[in-house]
Amino acid sequence: MKKNILAFAVSLFCLISIEGMSQNKIKVIAHRGAWKNTGATENSIAALEHAIKLGCYGSEFDVHMSTDSVLFVNHDHTIQGMDIEKATSEELSKIKLANGETLPTLEAYLKTGGKQKNTRLILEIKTSSINKERSLALATKCVEMVKKLKVEKITDYIAFDFDVCLKVKQLAPKAHVEYLNGDKTPAEILAAGLSGIDYHYSVYKKNENYIDEMHKEKLTTNAWTVNDKSTMQWFIDKKVDFITTNEPEQLFELLK
């Protein structure tokens with residue numbers, strides 16, 4: 001009798017563990033925050049706060065550097081006709097987003113994110129439209145700001161510039177750094193000492209072996225930007241680690 005009870009308990013524990021793993025295996029990253037279905041402006045602090053409320057694993061955002069080396073959060077290189085890299089911080093601080101917020105600085109964004117520990121801050125270092133030196137300088141300043149505000153434990157880095165990824169790893173060896181551009185093989189990512197790849201979903205469709213190859217090396221796989229249910233399901237079936245989406249609510253429903 002005792003043996004039967006013990007066997008039942010072990011089976012139940014294993015079942016619960018497996019179910020828990022299947023629910024938590026694929027993690028949801030809100031692309032530019034949770035904005036599409038919330039009314040928030042993308043890349044705004046409000047979008048970050050909505051991603052946190054939704055329980056997203058991470059909230060992705062983009063960082064540029066003004067001409068006087070202040071860091072701002074925005075996707076495009078320009079905003080309201082102003083080139084961020086060629087504008088001063090004073091000029092940029094006067095810009096209002098559609099939801100009424102001031103264009104957020106990286107410092108303000110990280111301070112908001114740092115008030116909690118459950119949603120990771122997925123910091124994209126934007127490639128400079130001016131030169132490589134500015135891209136590397138931006139990488140350095142991003143790492144410095146993350147360390148200054150003591151949010152290293154919840155901050156990951158992504159970039160399209162491979163040299164920027166290497167720079168971040170040099171400055172913060174323990175940081176999780178993923179490459180975005182899609183032109184490096186798993187072997188090249190491993191050799192460079194990076195943490196994983198964050199490729200457009202079409203790259204994985206052409207190279208389905210990448211997911212298994214990365215996992216064999218204990219490296220991570222992230223797909224962007226996946227917004228329709230059929231593509232989401234394809235990546236769920238392939239057991240990718242992270243899915244970056246403008247539709248986090250929809251992805252959560254599928255993962256249930």
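Let's start with helix α10, which covers residues 229–238. In this predicted model, five of its residues are buried: T231, M232, W234, F235 and I236. What do the buried residues of α10 pack against? Their partners are two helices, α8 (201–206) and α11 (248–255), along with two strands, β10 (220–224) and β11 (242–245). Just after α10 comes K239, and its phi is positive, near 60°.

Now look at the aromatic rings. The model has 9 aromatic pairs. One of them is Y179 with Y199, an edge-to-face pair with 6.3 Å from centre to centre and 75° between the planes. This pair links distant parts of the chain: Y179 belongs to strand β8 (residues 176–179) and Y199 to strand β9 (residues 196–200), with the two tyrosines 20 residues apart. Are these two buried or exposed? Buried counts as under 20% relative accessible area, so Y179, at 3%, is buried, and so is Y199, at 0%.

Another pair brings us back to α10. The ring centres of Y204 and F235 are 5.5 Å apart and their planes sit at 85°, so this pair is edge-to-face. Because Y204 lies in helix α8 and F235 in helix α10, the pair ties together parts that are 31 residues apart in sequence. Y204 has a relative accessible area of 0%, so it's buried. F235 is also at 0%, so it counts as buried as well.

If you zoom out a little, you'll find these four residues in one aromatic cluster, made up of F162, Y179, Y199, Y204, Y210, W234 and F235. F162 has a charged visitor, too: the charged end of K184 sits over its ring, 4.6 Å from the centre. You can find a similar arrangement with K27, whose charged end sits over the ring of Y57, 5.7 Å from the ring centre.

Finally, take a look at T221 in strand β10, one of the strands that the buried residues of α10 pack against. Why does T221 count as buried? Because its relative accessibility is 0%. Which residue shares a polar contact with the T221 side chain? That would be H215: the two side chains are joined by a polar contact of 3.2 Å. Setting aside neighbours within four places in sequence, T221 is in contact with I197, Y204, I211, M214, H215, V240, D241 and F242. You've already met Y204 on that list: it's the tyrosine of helix α8 that pairs with F235 of helix α10.

Note on methods:
Residues are numbered from 1 along each chain as its sequence is written. This is a predicted model: local features need pLDDT of at least 70, side-chain atom pairs count only at pLDDT 80 or more; totals for chains, interfaces and linings use all residues. Side-chain values use heavy atoms; hydrogens and water are left out. Buried means under 20% relative accessible area, exposed over 50%, partly exposed in between (1.4 Å probe, protein chains only). Helices (H or I, at least four residues) and strands (E, at least two) are DSSP runs, numbered from the N terminus. Contact means heavy atoms within 4.5 Å. Rings of Phe, Tyr and Trp (its six-membered ring) pair if their centres lie within 6.5 Å; planes under 30 degrees apart count as stacked, over 60 as edge-to-face and the rest as tilted. A charge sits over a ring if NZ of Lys or CZ of Arg is within 6 Å of the ring centre and within 35 degrees of the ring normal. A polar contact is a pair of N or O atoms within 3.5 Å; within protein, one must be able to donate a hydrogen and the other to accept it, and residues adjacent in sequence count only if both atoms are side-chain atoms.
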